[in-house]
Amino acid sequence: MNAEASVIRTQPLPGDFAIWIFIFAELTVFGVLFAAYAFARSAHVDLFNAAQLGLNRVYGLANTLLLVTSSYFVARATLSIKAGRSTACGHWLAGALGLGACFLAVKLAEFHQDFAQGISLSANLFDMFYLSLTFFHFMHVVMGMVILAVVARKAYAGRYSAADHTGVETGASYWHMVDLVWIILFALVYVIH
Amino acid sequence: MKSPAALPFKPCTVSWAALLVLTTISFELGSDASGRMLMAAVLALTLIKGQLVVSHFMGLHRVRLEWRIAMAAYLAAVGGVIALAYSIS
Amino acid sequence: MKYQSQAVAKPYFIAALALFVGQIVFGLIAGLQYLDGTFLFPELPFDVAHMSHTNLLIVWLLMAFMGAAYFIVPEEAQTELYSPKLALVTFWVFLTAGALTIAAYLFVPYAHLAAITGNAALPTMGRGYLEQPLPTKIGIVLVALSLLFNVTMTLIKGRKTSINLILVGSLWGLALLFLPAFYFPQDTVKASFGWWWIVHGWVEGDWELILGALLGFILIKMTGVDREIVEKWLYIIVAMTLVSGLIGIGHHYYYTGAPSYWIWLGSIFSALEPLPFILLIAFSFKMLLARRREHPNKAAMLWALGTPIMAFLGAGLWGFMITLAPAQYYMHGTNFTAAHGHLAFFGAYAMVSLAIISYAMPLLRGRIANSAAAQRWEIAGFWIMVLSMLGIALALTGAGIVTVVLQRAADDPMPFMQVQDKERVFFWLRELAGVGFFVGLLVYLRSFFVSGEYEYAGEMKRALAT
């Protein structure tokens, strides 16, 4: 582990560089969406404040804790494979997938409740943003889980090693991006008013 | 940056704990009545959380300077735009 | 040419170019009719000239894409085409159906054409780009299925590369996205949705993937750059196209009666649609700089580099001008749209078609590249067409500005025909540029008749002598 000290701060981005182009692109898209939300709100402050009260913030909190933890599990998976422990890596990824599935379940339950309450894309501008942002993010969680599932399978099959685990880092980077986006989204849409 | 062997916990574990704590704090701060300072604090905490994910989950603390700057710039830009939009509301 | 069956691409390419000439002739007629509404009336009224112009465009581009597929898929899959005979039969069916359809437009009154071709049974006629009678539309589907069957079977038995996966996949997408042509509801809002699923889905989605695949193929062959690098770029470009274009379709839904959330979603996502075009420019120039060989087909390289730039200008820049909802409120359906449409269609799809023809035709004729003299004609044609098209776009943009100022944004809007009258100078400039474009096309076509292949020894001598 002391090898780490000698390569501090000079490494390339973890995983395949192509995924990072994709990550930067996705971050840009979400960034634009966040900016649009914030500026749209500035013209309709009362509407946004009022409509925001219709959200169930506990669901949001639960989802944040779930996603952050699953991201932690993925980080642990990466550490495992760096130490050559590919089965452990598989287990950590499986755990992350489980938590990801919980995230999706919570989000679906929340959507169900939202629709019952009359929240819809056409209800008002806040609801439009809330549903668009969280649905768009939901789809990215699904995609991230597909990627992690593929990586987990390969990890269990022993296809990665301490010397060669680019796939793990690639998939992990994407998942962390999904987590990062949610952290901002949660604060912006659920909390800040 | 101490090597992991020197700490009782891995850096990513410490970050995770910090994220859980900061999330709960943000949630609590946001639960009560509003106030510019409180909301600014929530935003700041959010950016710190983001930076933790970038540095210790994505592992960018080990990576070349230009990428760390890029990600930090992203967080600053998003935070800045949000702060700007809220300040003119 | 590595596989004998690639030869079936040749008739497709030749027909494509012939139909291209037809397209421009009708374009010149229609452009003149802007200035003199009685020109060729009633034998060839404006609506017939217009739909012949647009339909020929689509058919020649489809011919070019099909030829490209028959050329590229066997080479990428490293196996002969599944059925060259089927490809040739399909060619004649497509060409005949296309010719008959244009003849029908010209010689049969449209309403009567609809009556005798069963439009009452399943109405599909009467919409822009989709004016074809029902039998023609069915024919297009059958031709597409034949192409898909042929290239898919070839792909299955051969090597699967990113290029041929993207190409064949997007050809499937092209066919599927044509199906809304059979959906023509009474509700004009829904009809609008269906129309845009085809048009936007094609030109701002599926066809961008085809463009990427074709460019990628040309660049791998001409620069010798590592396939893996090209593939990585393509994946990113494909991803950005889908990320921006899928929800970006909303920029056609602002003012058509769709829910108002499209104003936001369409604006935000379509604003990102220029990104894949920027990436395409970066991609092609990066490959050029990293090249490991000097390919003698300089003309093809010029097309390959010019395509992303013109595509960015027409689709990315001019498209961006009219994409945000507040801007489109004033510019919707004006000559801004016509400027964008012309520059984008030519810059992206006509040019990539001419690029693949430029690369493949010499090979289909038995040589690696045409003679320097032939290439000079081709390159001259390139520049004349490119500059003329930019002229067309600028002229139409001028007309669009007049419309916005006098009719859309004005406190006291001037009536439509009066505004059109004020724009006459721009329509003259457009027609002039159109004539220039036609000249460029003829110069370009001349290059095919300048004989000889690339003479390495001769060219080396010339280069060393200067």
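How many residues of chain C are in contact with chain A, and how many of chain A are in contact with chain C? On the chain C side there are 13 residues, and they touch 18 residues of chain A. Keep in mind as you look around that this is a predicted model. Let's start with that meeting of C and A, then move on to the other contact, and finish inside the chains.

Put together, chain C and chain A bury about 1,300 Å² between them, and 90% of that is on carbon and sulfur atoms. On the chain C side, look for C:Tyr261, C:Trp264 and C:Ile268: these lose the most area to chain A, together 39% of what that side buries. There is one salt bridge between the two chains. To find the salt bridge, go to C:Lys232 and A:Asp16, whose side chains meet with 3.6 Å from N to O. As for residue pairs in polar contact with both partners at pLDDT 80 or more, the count between chain C and chain A is zero.

Which helices of chain C carry this surface? The elements giving two or more residues to the side that touches chain A are α8 (227-248) and α9 (261-270). Of the elements of chain C, α8(C) gives the most, with six residues. Sort the residues on that side by class and you get 12 nonpolar, no polar and one charged.

Now turn to the other pairing. Of the two pairs of chains in contact, A and B share the most contacts. Here 51 residues of chain A are in contact with 45 residues of chain B. The area buried between chain A and chain B is about 4,400 Å², with 75% of it on carbon and sulfur atoms. Three residues of chain A are worth picking out, namely A:Arg9, A:Tyr72 and A:His193: they supply 15% of the area that chain A buries against chain B, more than any other three residues.

What about charges and polar groups across this interface? The rule finds zero salt bridges between chain A and chain B. There are, however, eight residue pairs in polar contact between these chains, both residues being at pLDDT 80 or more. On the chain A side, α2 (17-43), α4 (57-82) and α7 (166-191) each supply at least two residues to the part that touches chain B. Helix α2(A) gives the most, with 14 residues. Broken down by class, this side of chain A has 32 nonpolar, 12 polar and seven charged residues.

So far chain A has been the partner each time. And chains B and C? No contact joins them, and their closest C-alpha atoms lie 16 Å apart.

Next, take chain B by itself. It has three helices and zero strands, and reading along the sequence gives the pattern α-α-α. Its C-alpha trace spans about 45 × 30 × 15 Å along the principal axes. A compact globule of 89 residues would have a radius of gyration near 12 Å, but chain B has 15 Å. Of those 89 residues, 44% count as buried. Looking at contacts in chain B between residues at least 6 apart in sequence, 55% join residues at least 24 apart.

Chain C is helical too, with 17 helices and zero strands. Its radius of gyration is 22 Å, which agrees with the value near 23 Å that a compact globule of 466 residues would have. Along its principal axes, the C-alpha trace of chain C spans about 70 × 55 × 45 Å. Buried residues make up 60% of the 466 residues in this chain. Among contacts in chain C between residues at least 6 apart in sequence, 81% join residues at least 24 apart.

For one last stop, zoom in on C:Ser52, which lies in helix α2 (residues 46-77) of chain C. Is C:Ser52 buried or exposed? With a relative accessible area of 0%, C:Ser52 counts as buried, because that value is under the 20% cut-off. If you leave aside neighbours within four places in sequence, C:Ser52 is in contact with C:Phe26, C:Ile102, C:Tyr105 and C:Leu106.

How values were computed. Residues are numbered from 1 along each chain as its sequence is written. Chains are lettered from A and ligands numbered from 1 in the order in which they are written. Side-chain values use heavy atoms; hydrogens and water are left out. Contact means heavy atoms within 4.5 Å. Buried area is the accessible area (1.4 Å probe) that two parts lose on being put together, summed over both. A salt bridge is a side-chain nitrogen of Lys or Arg within 4 Å of a carboxyl oxygen of Asp or Glu. A polar contact is a pair of N or O atoms within 3.5 Å; within protein, one must be able to donate a hydrogen and the other to accept it, and residues adjacent in sequence count only if both atoms are side-chain atoms. Helices (H or I, at least four residues) and strands (E, at least two) are DSSP runs, numbered from the N terminus. Ala, Val, Leu, Ile, Met, Phe, Trp, Tyr, Cys and Pro count as nonpolar, Asp, Glu, Lys and Arg as charged, and the others, Gly among them, as polar. The radius of gyration is taken over C-alpha atoms; the globule rule is 2.2 Å times the number of residues to the power 0.38. Buried means under 20% relative accessible area, exposed over 50%, partly exposed in between (1.4 Å probe, protein chains only).
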